[in-house]
Amino acid sequence: MYLLGIETSCDDTCAAVLSNQKILSNVISSQVNLHAQWGGVVPDIAKRAHQQRIEPVVQTALNRAKLSLKDIDVIAVTQGPGLAIALSVGLNFAKSIAVEHQKKIIGVNHIEGHLLSNFLQNRRGLPLRSQSFPALSLTVSGGHTKIVLIHHIGQYQIIGETLDDAAGEALDKSAKLMGLGYPGGPVLERLAKTGHPDFLTLPSPLPDKKILDYSFSGLKTAFYYQIKDWPKSKIAQNLPDLAASIQNAVFSTLLRKFELAIKKTQPKLLLLSGGVASNLNLRQRMRVLAKKYSLPVYMPFKKELNTDNAAMIALVAFYKAQKQQFSDPDTLDVNANFEL
Ligand code: KG4
Ligand code: ZN
């Protein structure tokens, strides 16, 4: 089965082609330079860029897979959650080609894509076959922070999530306070390598061990109050220490709750995904945690499978197609707040 995936939920225009679970192509057209000057994603700019790019991006994905639309069996498209006006560009494009070429179409939940992104590829570029359930997943991006217990593919239980900002958003906003560019996560990672994580004392949000939810807005505010009266020169002199402190506070919070979730749910496999999962420090700390509980842990091997991509959307559709869970193109619509 050949699947064409389309993803436009935020600021990346993405298309991918899968042969069953194997990636034949995975094209990501990032809009980061369009949004950087505004310090975050501007929905109207994202929409316009998706409209300009969607057709060439899909064509490139097909070309790289050495296929044409007539070879495709299923079109997979992100239905939500995300920015409604961005999602609708990908969804309308997917529906139009599905109708024109009489292809089956499947609407996909973006978070389910991140959850399953770990089953896309192993080190040799082949699909990871060994799946043990229940699997406990930590998905951390600019828009989402969720601990999800995966009972089986298609059966998910959210057991913790952020009550305010996402972890990536907290990193991005803190970087902005330091006068650094957008997105802040990768810049903080680079600076933090030579900084001291205990330079600032930052709070541990929601310390109650019964609560598996996250809160990052207080952390960001505490960070703000510690540096708000500093002259710019003092901030500039201490960038590595500041970066290490905020990064450490965010990751310690992430892993503290995730460890509580491990103890509570006794999973057989751990998963890490989402844009923040590109961070080598977080990956290393996750490996240490997995070792402590003698559990296997999967994290996407390639950066482009951590961040938003259409290969993960097509993979979700692959599993849905096995169960004949196709969508009706006449009623398939954007669902900006799509629950998992
Ligand atoms: O998954 P993603 O591409 O898009 C969303 O769905 O949000 O994640 C983007 C987020 C941003 O907050 C960005 O700062 C963060 O992932 N990020 C990182 C790194 N690379 C991207 N955070 C920390 N370290 C990184 N290396
Ligand atoms: Zn995402």
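The following exercises, each with a worked solution, concern a predicted model.

**Exercise 1.** Work out which residues coordinate the zinc ion (ligand 2) and why the arrangement of its donor atoms counts as irregular.

*Solution.* Begin with the ligating residues: the zinc ion (ligand 2) is held by His110 through NE2, His114 through NE2 and Asp308 through OD, at 2.1 to 2.2 Å. Along the chain, these donors follow the spacing H-x3-H-x193-D. His110 belongs to helix 4 (residues 110-116), while Asp308 sits in the loop between helix 11 (303-306) and helix 12 (311-322), so this pair ties together parts that are 198 residues apart in sequence. Next, consider the angles: four donors count as tetrahedral if all angles lie between 85 and 135 degrees, but the 4 donor atoms here subtend angles of 93 to 142°, which makes the arrangement irregular.

**Exercise 2.** Decide whether His110, Asp308 and Arg64 are buried or exposed.

*Solution.* The cut-offs needed are under 20% relative accessible area for buried and over 50% for exposed. His110 has 2% and is therefore buried, and Asp308, at 14%, also counts as buried. Arg64, which is placed in helix 2 (residues 43-64), reaches 52% and so counts as exposed.

**Exercise 3.** Find how many residues of helix 6 (residues 184-192) are buried, and what covers them.

*Solution.* In helix 6, 7 of the 9 residues are buried, namely Gly184, Gly185, Val187, Leu188, Glu189, Leu191 and Ala192. Their cover includes helix 5 (167-177), helix 9 (239-265) and helix 10 (280-292).

Methods. Residues are numbered from 1 along each chain as its sequence is written. Chains are lettered from A and ligands numbered from 1 in the order in which they are written. This is a predicted model: local features need pLDDT of at least 70, side-chain atom pairs count only at pLDDT 80 or more; totals for chains, interfaces and linings use all residues. Side-chain values use heavy atoms; hydrogens and water are left out. Buried means under 20% relative accessible area, exposed over 50%, partly exposed in between (1.4 Å probe, protein chains only). Helices (H or I, at least four residues) and strands (E, at least two) are DSSP runs, numbered from the N terminus. Contact means heavy atoms within 4.5 Å. Donors are N, O and S atoms within 2.8 Å of the metal (3.2 Å for Na, K and Ca); water is not among the atoms, so sites may look incomplete. Four donors count as tetrahedral if all angles lie between 85 and 135 degrees; four count as square planar and six as octahedral if opposite donors are over 155 degrees apart and all others between 65 and 115; anything else is irregular.
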